[in-house]
Amino acid sequence: MGMSYLILAGGIMLASWLVSSTLKNKFEFYSKLHLQNGMSGAEIAEKMLADNGIRDVRVISTPGQLTDHYNPVDKTVNLSEAVYNQRNAAAAAVAAHECGHAVQHAVGYQWLTMRSQLVPIVNVASNYMQWILLAGILMIRTFPQLLLIGIIIFAATTLFSIVTLPVEYDASNRALAWLENKRMLTREEQAGAKDALTWAARTYVVAALGSIATLLYYISIYNNRR
């Protein structure tokens with residue numbers, strides 16, 4: 001299992017690098033595809049929220065790159081400075097995607113609700129998980145229960161990665177459907193937005209596969225402790 005896991009982990013790392021690299025290139029390319037409607041990412045987001053009858057969510061700018069997210073606690077769509085201000089297909093895709101999460105929240109989308117419930121658990125687990133797993137492996141013969149505890153904690157983070165998949169894909173589908181139905185983009189811009197979101201979603205697929213593979217590795221260590 002050790003060599004098999006190294007090969008699998010190497011493959012997943014390579015896939016992660018390829019997807020991330022492709023995603024970066026896609027967004028750079030579609031950032032040069034300026035919208036004919038002249039709307040910024042912030043304006044796209046505000047219109048999508050309004051069209052879905054959502055009046056209690058604010059669209060705000062947040063510092064940094066790739067910091068775009070929806071916060072269900074304070075009901076804010078947080079767009080990175082570039083997405084907030086720019087007027088291109090990449091910004092439109094990201095802005096609409098984050099609003100897709102706001103729509104999920106408004107309609108009570110069950111996968112988003114489940115992910116939100118897992119967030120506190122994952123936040124706590126991430127602080128101690130690696131130390132528990134390391135100690136569990138070192139003490140596998142004398143105190144195997146410690147590794148089992150680490151596996152259970154890691155399983156929670158793996159579940160979070162799996163639950164994230166339908167949440168992200170659904171948000172993208174909602175975004176693309178709205179952009180198309182409201183004729184917000186030209187055919188070329190729509191295709192660019194779809195391509196960008198497709199590659200963004202694949203990063204979550206690779207992350208989930210990596211988490212599953214790592215979980216199985218720790219389980220194998222525990223099962224083979226004798």
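Which residues is Ile44 in contact with, leaving aside its neighbours within four places in sequence? Here are a few notes to help you find your way around this predicted model.

1. Let's start with that question. Beyond its neighbours within four places in sequence, Ile44 is in contact with Leu35, Asn37, Met39, Ala92, Ala95, Ala96, Trp178, Leu179 and Met184. Two of these names may help you on screen: Leu179 appears again in the next point, together with Ile44.

2. Now step back to the surroundings of Ile44. The largest nonpolar core holds 36 residues, and the ones with the most contacts inside it are Ile44, Leu49, Val77 and Leu179. At least two residues of this core come from each of α2 (41–51), β3 (76–80), α4 (89–107), α6 (144–181) and α7 (187–223). With 11 residues, α4 provides the largest share.

3. There is also a second core, separate from the one above, made of 10 residues. Among them are Met129, Leu133, Ile221 and Tyr222.

4. Next, have a look at the strands. An open sheet is formed by 3 strands in the order β1-β3-β2, with mixed pairing. Because β1 (58–62) and β2 (69–71) are at the edges and have a single partner strand each, one side of each is left without a neighbour in the sheet. On average, and with direction ignored, neighbouring strands of this sheet are turned by 30° against each other.

5. Finally, a closer view of one pairing. β1 and β3 run parallel and are joined by 5 bridges. If you would like a spot to look at, find Ser61, which stands opposite Leu79 in β3.

Technical notes
Residues are numbered from 1 along each chain as its sequence is written. This is a predicted model: local features need pLDDT of at least 70, side-chain atom pairs count only at pLDDT 80 or more; totals for chains, interfaces and linings use all residues. Side-chain values use heavy atoms; hydrogens and water are left out. A nonpolar core is a set of buried Ala, Val, Leu, Ile, Met, Phe, Trp, Tyr and Cys residues joined through side-chain atoms within 4.5 Å. Buried means under 20% relative accessible area, exposed over 50%, partly exposed in between (1.4 Å probe, protein chains only). Helices (H or I, at least four residues) and strands (E, at least two) are DSSP runs, numbered from the N terminus. Contact means heavy atoms within 4.5 Å. Two strands pair if DSSP finds at least two bridges between them. Axes are lines fitted to C-alpha atoms, for helices over the stretch in contact, and angles run from 0 to 180 degrees between N-to-C directions.
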